[in-house]
Amino acid sequence: MTKSFLVTGGAGHIGSHTVLHLLNKGFHVVVVDKLNNASEVAINRVVELAADNGKNLVFHTVDLRDREALEKVFSSTKFDAVIHFAGLKAVGESVQKPLLYYNNNLMVPNSLEVMASHGCKKLVFSSSALCMVGPRRFLVQKSSLFLQQIHMEEPSSLLKRYVAISTNQTMNGNNLT
Ligand SMILES: O=c1ccn([C@@H]2O[C@H](COP(=O)(O)OP(=O)(O)O[C@H]3O[C@H](CO)[C@H](O)[C@H](O)[C@H]3O)[C@@H](O)[C@H]2O)c(=O)[nH]1
């Protein structure tokens, strides 16, 4: 049977390229995106580029904080995995509006609960390598100190790190992995 993927933030930069790749591989893809940093034009373009496989793409304008809307999406399709790209990531804005970033980017546990209740156990959590500098220095050797200074003190990176770690713990704790 054809595999189905839910891509959050699938109208965005990395998301739309991922969606096209999945469609080209013949998979069924559902995108949820609240279109705060993207447009449905990107989705239409992906459908066009995927040619015949474009019919396997379904798009919903959904804010991941809206649990009821998320439940409806999971009720409509049995997903093999979720690929998570939906997030705010502008460094400068995250410093100016930290509460906006906390509010938007910490909704992952909400999605995990809905995933778990629908028996979906696989999540690809896309984050930024920059939020992992520090104890895990293997990523950026020479420039790591510089990157650490810039990024570890701004909310966007701190949040990504927090969400990455707590998502990992939740997935393990709930036997989702
Ligand atoms: O609460 C939110 C925040 C954003 N989005 C959507 O998520 C997408 C994010 O795409 P961007 O083009 O803004 O970002 P990138 O594809 O460049 O980056 C994304 O992928 C990166 C992978 O390294 C990081 O995970 C980063 O946090 C994530 O936004 C956009 O369509 C935006 O509308 C939502 O649906 N809900």
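**Ligand contacts and an aromatic pair**

Colleague: Which backbone atom is 2.8 Å from an oxygen atom of the ligand, and in which residue?

Modeller: A polar backbone atom of H13 lies 2.8 Å from a ligand oxygen, within the 3.5 Å allowed between N or O atoms for a polar contact. This is a predicted model in which local features need pLDDT of at least 70 and side-chain atom pairs pLDDT 80 or more, while totals for chains, interfaces and linings use all residues. Residues are numbered from 1 along each chain as its sequence is written, and side-chain values use heavy atoms, without hydrogens or water.

Colleague: What about the backbone of I14 and K34?

Modeller: A backbone N or O atom of I14 is 2.8 Å from an oxygen atom of the ligand, and for K34 the corresponding distance is 2.9 Å. Of the 700 Å² that the ligand exposes when taken alone, the protein buries 92% (Shrake-Rupley areas, 1.4 Å probe).

Colleague: How many residues surround the ligand, and which are closest?

Modeller: There are 21 residues around the ligand, the closest being D33, N37, K89, S126 and S127, where a residue counts if one of its heavy atoms lies within 4 Å. By class, that shell has eight nonpolar, nine polar and four charged residues, with Gly counted as polar.

Colleague: Changing topic, how many aromatic pairs are there?

Modeller: Two are found in the whole structure, with ring centres within 6.5 Å as the criterion. F5 and F27 form an edge-to-face pair, 5.1 Å centre to centre with 75° between the planes (edge-to-face is over 60 degrees).

Colleague: Why does that pair tie together parts apart in sequence?

Modeller: F5 lies in strand β1 (residues 4–8) and F27 in the loop between α1 (13–24) and β2 (28–33), so the pair ties together parts 22 residues apart in sequence; helices are DSSP runs (H or I) of at least four residues and strands (E) of at least two.

Notes:
A polar contact is a pair of N or O atoms within 3.5 Å; within protein, one must be able to donate a hydrogen and the other to accept it, and residues adjacent in sequence count only if both atoms are side-chain atoms. Rings of Phe, Tyr and Trp (its six-membered ring) pair if their centres lie within 6.5 Å; planes under 30 degrees apart count as stacked, over 60 as edge-to-face and the rest as tilted.
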